[in-house]
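Student: Could you take me closely through one part of this model, the nonpolar core and the helix surface beside it?

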Amino acid sequence: MTTSAALRIAALLAFVQGAYMIADGTHFLASGAYFGNGVGPWAVLVAHAGIAPLSPAMASVFVTFGVLWLLAAVALTLGRARYAVIALAVATLWYLPIGTLLSAIVAFIAARSARRRATR
């Protein structure tokens, strides 16, 4: 797979993650509940960090990370900001289970792309 194809896949995954986080956080702010049947496994990690999972503060974190993921999707589409995307992916590894998987894949692709670009 070419680097540009991999970056397009990473951009798509970043878009999916961002759109879902914005939708889920906005839904909580509007209704007081996340999508589905409550919170996911991420809630345990967040609670250990001292943030109440079922709070407007946490929903705002979701919306903020969602916006950052959408910006990451644009950056990846343009072939830019790979290190910032890696940092964002690492910062959202807590979002178990699907978010962790998407973050890990995007981080891997961005790191591989950055390494290939540096060796040219």
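Tutor: A residue is called buried under 20% relative accessible area, exposed over 50%, and partly exposed in between, with a 1.4 Å probe and protein chains only. This is a predicted model, in which local features need pLDDT of at least 70 and side-chain atom pairs count only at pLDDT 80 or more, while totals for chains, interfaces and linings use all residues. Residues are numbered from 1 along each chain as its sequence is written, and side-chain values use heavy atoms, leaving out hydrogens and water.

Leu12 lies in helix α1, helices being DSSP runs of H or I with at least four residues, numbered from the N terminus, and Leu12 counts as exposed because its relative accessibility is 51%. Met58, in helix α3, counts as buried because its relative accessibility is 2%.

The largest nonpolar core, a set of buried Ala, Val, Leu, Ile, Met, Phe, Trp, Tyr and Cys residues joined through side-chain atoms within 4.5 Å, has 31 residues, and those with the most contacts inside it are Trp42, Phe62, Trp69, Leu76 and Trp94. At least two residues of this core come from each of α1 (3–31), α2 (42–48), α3 (56–77), α4 (82–91) and α5 (98–118). Leaving aside neighbours within four places in sequence, Trp69 is in contact (heavy atoms within 4.5 Å) with residues including Ala14, Met21, Leu88 and Val106. With the same neighbours-within-four exclusion, Met58 is in contact with Tyr34, Trp42, Val46, Ile51, Ala52, Pro53 and Trp94.
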